[in-house]
Amino acid sequence: MKNREIADLFNEIADILELRAENVFRVNAYRRGAQNIEGLSRPIEDSAAEGTLLDLPGIGKDLAAKIGEYLESGEIDYLNELRKEMPQVLLDMLRIPGIGPKTAVRLQAELGINSLEELKHAALEHRIRELPKMKAKTEENILKGLEFLSRASARTPIGVALPLAERIVDALAELPEVQKISIAGSLRRFRETVGDIDILVTSRSPEKVIAHFTHLDDVARILAEGSTKGSIVTKDKIQADLRVVEAASYGSALNYFTGSKEHNIRLREIAIQNGMKLSEYGVYKKELRVAGKTEEDVYRALGLPYIPPEIREDSGEIEAARAGTLPDLVEIEDIRGDLHCHSSYSDGAATLEEIAAAGRKKGYSYILVTDHSRSLHIANGLSPERLRKQLAEIDSINARLRGFKLLKGSEVDILPDGSLDMDEALLARLDIVYVAIHSKFKMGSDAMTKRVVRAMENPYASVLAHPTGRLIGMRDAFEIDMQEVIRAAARTGTAIEINAHPARLDLDAANCRAAAAAGVMIGIGTDTHVLSELDYMLYGIGTARRGWLTKANILNTRSARELLSILRMKRR
Ligand code: DGT
Ligand code: CA
Ligand code: CA
């Protein structure tokens, strides 16, 4: 499937057009095309073969022709021409958070910078602040951004690693030699970024399985190929390790290779205290293996209940297991609806009808429609008139449906002074009001915290969306005092979102735990812009589980009626 490749190329075209200061509509056409292609659930090759490219959201004649050209020749001529005229350093600079096209072009032209290395030196030698209209702050931001890039590239976001790992697992699972197979490591623990992908298999023919693994389509380089372990680097530069064990050790090996290392160390201590030995091969009393086949057996032999992978971080789970107070973690089956979804009224691809159909198909009882408010022009925010029109359309759709409804919401901008970008009369007509920061990210922790707290004090603000604004591997969280925000949420009866988009996962797991401890309700929403993104719920659940959350902590494990009655308490 070539969706990701084509999306990357369209994004590159948009980058270059932006560097050349070309028409923003053209730039956005490529960006939107890229976003929509990446969200497709089926290979774009299929649409091309059927001749239905033009039916895809955001794909016009021009983009369709380029997709066809790429599928036929493996290249896009237009992009080749653009690349010829564009120095590589400008493209590199655009990847630095906080550097826009204008600054990149100036740095290259006025300081003759030809690589990121030279850029770093220029910033360290304070040559940038000498230029007209550049400040010391710009230099600091550039250094921070460079540091961020080098940190970010070392680990892979879960949203990239998990689909890749599942593809590898599916390919291996087809082999008759493979008995059991599981993802292990930090990916099984659902960490938001992973150092590498770990996979565990049981088989009587390890060599065959390993040879198959090292020759998968995705493989760019083989790092190791032995009789129990294979190790490769994929074309996306992600490392994957495969280990093959015998069935009698599967549980203990899965436990060992899932980690975390800190959790494993605690388990080994417990084994020793009980006169046993724990290794990846099993739990042993003297020479006798007393457990190893399943993880449940291993924990039982140590006198513990099963501990779910997401909380194996030695952050209290061992103590809770011993005391019998492990949380009963929320599961994806507990979820009854999605709380964050954009329609084609703002910057989403699907119509309200299509959203309702997709929600029913997923077995949900409701989806909350949360299009942007009027001030967010780049996302086609809704004017009051258009919102009223949308609410009427939702009523007429709901009138025709049984057992499912669209809930009326909005993702209302929190303006710089903390007021909301919508009048009270209109807020009062919504079922649920999301509030969110989309502008002026750099006001400093005190001002940002006050701004967000003031927004939560508004009686109509039901849920605070993606509270830190981070984009994993791309943009750090803005400065904000999350402890204060959580206290204010508890005091005002405002819920907080786990934005399940894998690039956000915001709240993160640590803040989830703090919020739940303070009695704050959590809503999980996928921030869907293309319908296939409704499946991002799984990342939200993983984050909630890492944050020790139970069904009771989560808003959208409730029926629509219960949900609204919880959130409406605040308005009274
Ligand atoms: P990552 O890949 O950096 O995101 O994190 P992990 O946890 O996947 O670490 P990785 O891939 O190095 O190793 C996988 C698991 O193997 C790890 O979670 C625990 C186990 N492991 C690896 N090295 C050691 C070790 O030296 N001691 C113990 N007890 N366990 C280890
Ligand atoms: Ca790993
Ligand atoms: Ca590894």
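**Second largest pocket**

I started with the lining of the second largest pocket: by class it has ten nonpolar, four polar and five charged residues. (Nonpolar is Ala, Val, Leu, Ile, Met, Phe, Trp, Tyr, Cys and Pro; charged is Asp, Glu, Lys and Arg; the others, Gly among them, are polar.) This is a predicted model, where local features need pLDDT of at least 70 and side-chain atom pairs pLDDT 80 or more, while totals for chains, interfaces and linings use all residues. Residues are numbered from 1 along each chain, chains are lettered from A and ligands numbered from 1 in the order written, and side-chain values use heavy atoms, leaving out hydrogens and water.

The pocket's volume is about 530 Å³. Of its 19 lining residues, Gly-39, Ser-41, Val-530, Leu-531 and Ser-532 lie nearest the centre. Helix α17 (residues 352–361) gives the most, with four residues.

My working rule, on a 1 Å grid over the protein atoms alone: a cavity is a set of points where a 1.4 Å probe fits but cannot get out, a pocket is an open set with protein on both sides within 12 Å along at least five of seven lines, and lining residues have an atom within 4 Å of a point. Helices (H or I, at least four residues) and strands (E, at least two) are DSSP runs, numbered from the N terminus.

**Cavities**

I then looked up the closed spaces and got two cavities of 30 Å³ or more. The largest has a volume of about 50 Å³, and α13 supplies the largest share of its lining, three residues. The second largest holds about 30 Å³, with Asp-371, His-372 and Met-422 among its lining residues.

**Calcium, ligand 3**

Which residues donate to the calcium ion (ligand 3)? I found Asp-196 (OD) twice, Asp-198 (OD) and Asp-241 (OD), 2.3 to 2.9 Å away. (Donors are N, O and S atoms within 2.8 Å of the metal, 3.2 Å for Na, K and Ca; water is not among the atoms, so sites may look incomplete.) Asp-196 also bridges to the calcium ion (ligand 2), the two ions being 3.8 Å apart. Asp-196 sits in the loop between β3 (193–194) and β4, Asp-241 in strand β7 (residues 239–245), so the pair ties together parts 45 residues apart in sequence.

**Thr-202**

Last, I checked Thr-202, in strand β4 (residues 197–202). At 1% relative accessibility it counts as buried (under 20% relative accessible area, with a 1.4 Å probe and protein chains only). A polar atom of its side chain lies 2.9 Å from the backbone nitrogen of Lys-180.

Technical notes. Buried means under 20% relative accessible area, exposed over 50%, partly exposed in between (1.4 Å probe, protein chains only). A polar contact is a pair of N or O atoms within 3.5 Å; within protein, one must be able to donate a hydrogen and the other to accept it, and residues adjacent in sequence count only if both atoms are side-chain atoms. Grid points are joined across faces, edges and corners, and a volume is the space filled by probe spheres set on the points.
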